[in-house]
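Here is a short tour of one helix and its surroundings. Have the sequence and the 3D view open as you read.

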Amino acid sequence: MTLSLPPLVSANWLAPLLKAPGMVVLDASWYLPTSGRDPELEYRAGHIPHAIRFDLDAISDPATDLPHMLPSPERFAHAMEHLGIQASDRIICYDGSGVNLSAARAWWMFRVFGHHEVAVLDGGFPNWASVTRPVQRGVVHRTRSGYPASGVDRALVADRAAIERIAAGLDLAQLADCRPAARWLGEADEPRPGLRRGHVAGSRSTPFTELTDPDTGLMLKPDALRAWFADRGLDPARPIVAMCGSGTSACALALAVEVLRADEPDRVGPPVAIYDASWAEWGQGAVS
């Protein structure tokens, strides 16, 4: 499959294409309740021109108590119709975190449901606004569209059974935990009440915030990413399953792997699978 979009695009790349036919920009900002930030209010106060709001919590499975789990293909398609997105559109996802907290989750969701013309805006909204690029206030609505429901790409999704096999040594996939190191070590409480401390046996601590430059919010360059993976004992060419607190920030690691593959088109390997329920589910049971 030949794609016109790389996994990561720059603000300079996007700026002249905002009004291009078939180009849709999504504000996919999401924050933990403990952050004190309201993504809806922030979107209304200022967003990239023509960007529409992509609410991770609203576009999720309503039949589970676990946070923002993947919806059914039908529910996802219905949500895309309501947002005015078509299957042929090129999608650019961003968030306001400066560390790809949730934009990569939206990117991953589109890929799960077979929409591959999707990318993440490097640096997100902070980088966009840092050089006085235009910002729009209020809410953007698009005309309702048609969007077909598709199957789920199971290569991109992992469940608890898959994690149990890895923990038991029955599956040689590499398990990356993208939560902050203190939570992986069991030195800090989880932000969601009722969850135990610790980590899955055999997992590697891979805090997602380390994938971006702390000064610019831009993703590390490919050479730095390769060194980062090597330092953590992960081989991007081999199967990786990524997890975090609720399956959101782990998608930043999946994005980083695709950035590496775009930099080395002759080097192939399986996509990163995301443990959708992540510690929100695993932390309820016995902790290794």
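## A covered helix

In this predicted model, helix H4 is mostly covered, with 10 of its 10 residues buried. The buried residues of H4 include the aromatic-bearing positions Trp107, Trp108 and Phe110, and among them are also Arg105 and Arg111.

Just beyond the helix, take a look at glycine 114: this residue follows H4 and has a positive phi, near 85°.

## How H4 meets H9

Which helix does H4 (residues 103–112) pack against? Its partner is helix H9 (residues 251–263), and the two axes lie 8 Å apart at an angle of about 70°. Because angles from 65 to 115 degrees count as roughly perpendicular, H4 is roughly perpendicular to H9.

On the H4 side, the contact is made by Ala104, Arg105, Trp107, Trp108 and Arg111. Facing them in H9 are Cys251, Ala252, Ala254, Leu255 and Glu258. Sorted by character, the residues of this contact are seven nonpolar and three charged, with no polar ones.

## The sheet beside H9

Now follow H9 to the open sheet, where five strands are arranged in the order E6-E10-E9-E7-E8 with parallel pairing. Strand E6 (157–158) and strand E8 (204–205) sit at the edges, each pairing on one side only. E8 runs parallel to strand E7 (residues 174–177), and two bridges join them. To find the place in your viewer, go to alanine 176, whose bridge partner in E8 is arginine 204.

H9 packs on this sheet and touches E7, strand E9 (240–243) and strand E10 (273–275). The direction of H9 makes about 145° with that of E9.

Terms used: Residues are numbered from 1 along each chain as its sequence is written. This is a predicted model: local features need pLDDT of at least 70, side-chain atom pairs count only at pLDDT 80 or more; totals for chains, interfaces and linings use all residues. Side-chain values use heavy atoms; hydrogens and water are left out. Axes are lines fitted to C-alpha atoms, for helices over the stretch in contact, and angles run from 0 to 180 degrees between N-to-C directions. Helices (H or I, at least four residues) and strands (E, at least two) are DSSP runs, numbered from the N terminus. Angles under 35 degrees count as roughly parallel, over 145 as roughly antiparallel, 65 to 115 as roughly perpendicular and the rest as oblique. Contact means heavy atoms within 4.5 Å. Ala, Val, Leu, Ile, Met, Phe, Trp, Tyr, Cys and Pro count as nonpolar, Asp, Glu, Lys and Arg as charged, and the others, Gly among them, as polar. Buried means under 20% relative accessible area, exposed over 50%, partly exposed in between (1.4 Å probe, protein chains only). Two strands pair if DSSP finds at least two bridges between them.
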